[in-house]
Amino acid sequence: MKSFEGRMIYITGGSSGIGLEMGRIFAAEGAGLLLLARKAEKLDNAARSMEKVRRSREQKIGALSVDVSDIADVEQKMGIALKQYGPPDVLVCSAGINKWADRFENITYAMFDEVIKTNLYGPRNMIHTLMPAMKERRGHIVILSSAAGLFGMFGYTAYGTSKAGLIGFADSLRYEIRPMGMKLTIVCPPEVDTPMNIDEAKTLPEEGRAVKSLAGMLTPEFAARAIVKAIAREQYLCIPDFQTRFLYLLHRLTNGIATRMTSDAVIKMTQRKMGK
Ligand SMILES: NC(=O)c1ccc[n+]([C@@H]2O[C@H](COP(=O)([O-])OP(=O)(O)OC[C@H]3O[C@@H](n4cnc5c(N)ncnc54)[C@H](OP(=O)(O)O)[C@@H]3O)[C@@H](O)[C@H]2O)c1
C-alpha cells in the first residue's frame, strides 16, 4: 500500500496519543477515518481536529464510542460502523491502558484482568469482528504492542503480559491472513510522551522508572510517522526508533543475557539508593 488517499481507516484509541497522531497523518494524506474510543467528548474533539487537516471534503471523518474490551459492544458498534463507513482498508488497534504498573504482589485479579481484557482481548475482539469484511478488501491490520512485549520490565507483569501476548497473537495470525492477501504490522515502541504515562506514573515502582529511563522517550509525532511509514511499506515488525532496534538485536544475539544483566544492575543500584 503506497498511498492512503481514498482509503478507509479505523483507529481504536484514535482520541489520544499515538492513535490521534496517526489519524492526523492519514487525514492529511486524504484517507477516510473512523476514530474509536470510549469517551465521546474526547472523540468528537479529535474528529474536529482531523477536519482541519484533511485534504478534501470528500473524506469521511467520524467518531464512534466503543469499549474494545467488551465483545458485545464491539460487535454492535462495528455493525453500525460497517454500514455507515464501509469496511476498513486499514484497522489500527491502538487502544490500550497501562494502569496498575506495580509489583505483581500488589496487582489483584481484577486489575490484571482489566489490563488483559483491554490490551489483548481488545485487538482480538476488533480483528475477529472486522476480519470477514476486511478479507474482501485485502485489508491491513496494525497492532500496537510495545517494547515491553519484547523485553521484561520491573512492574510490568500485567502490561508486559498483554503486550507479549499480542506479539504471539500477531505471529500466528500473520500466517493465516497472508494467503488471503491481507497484511499485518506489529508495532513495538519504547516510551512515548502521551497521556498513558500519567496513569502509569501513579503506581510504577522506582526500579521500573530507573530501568525505563535507559531507553529513550519518543514524541507521539515521531512514533506515528514511523508507524505510518511501516504500514505504507507493508512491514511486519515496526520498532520505530534506532535505540530500541539496537537493544532488541543485542537481546536476541545474547539470548537475553545482556538486557537481563543491565536491568538487574540498575534495579540493584536503585534499591541500594532507596535503602533496601
Ligand atoms: N505511550 C507509551 O509510552 C507507549 C509505548 C509503547 C506502546 N504503547 C501502546 O500504544 C498504544 C497507544 O498508547 P498511547 O500512549 O497513545 O495511549 P493514550 O494516549 O493513553 O491513548 C489511549 C487510547 O485508548 C483508548 N482506550 C483505552 N481503553 C479503551 C477501551 N477499553 N476501549 C476503547 N478505547 C480505549 C483511550 O480512550 P478512552 O479512554 O476514551 O477509551 C485513548 O484514546 C497503546 O496500545 C499502548 O499500550 C504506548
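**A tour from helix α10 to the ligand**

Begin by selecting α10 together with β9 (237–238) and α11 (257–273), which are among the elements that cover the buried residues of α10; cover here is contact, meaning heavy atoms within 4.5 Å, and helices (H or I, at least four residues) and strands (E, at least two) are DSSP runs, numbered from the N terminus. This is a predicted model, in which local features need pLDDT of at least 70, side-chain atom pairs count only at pLDDT 80 or more, and totals for chains, interfaces and linings use all residues. Residues are numbered from 1 along each chain as its sequence is written, and side-chain values use heavy atoms, with hydrogens and water left out.

Within α10 (residues 242–253), select Thr244, Tyr248 and His251, which are buried, that is, under 20% relative accessible area with a 1.4 Å probe and protein chains only, whereas exposed means over 50%. Seen down the axis of α10, these buried residues fall within an arc of 60°, so they line one face of the helix, the arc being that of the directions from the helix axis to the C-beta atoms. Turn to the face directed away from the buried side, and you will find the exposed residues Phe242 and Leu253. Just after α10, Asn255 takes a positive phi of about 55°.

Next, select the ligand and the side chain of Ser16, where an N or O atom is 2.6 Å from an oxygen atom of the ligand; for Ser15, the corresponding side-chain distance to a ligand oxygen atom is 2.7 Å. Finally, select Val68, which has a backbone N or O atom 2.9 Å from a nitrogen atom of the ligand.

How values were computed: Polar contact = N/O pair within 3.5 Å; in protein donor to acceptor, adjacent residues only side chain to side chain.
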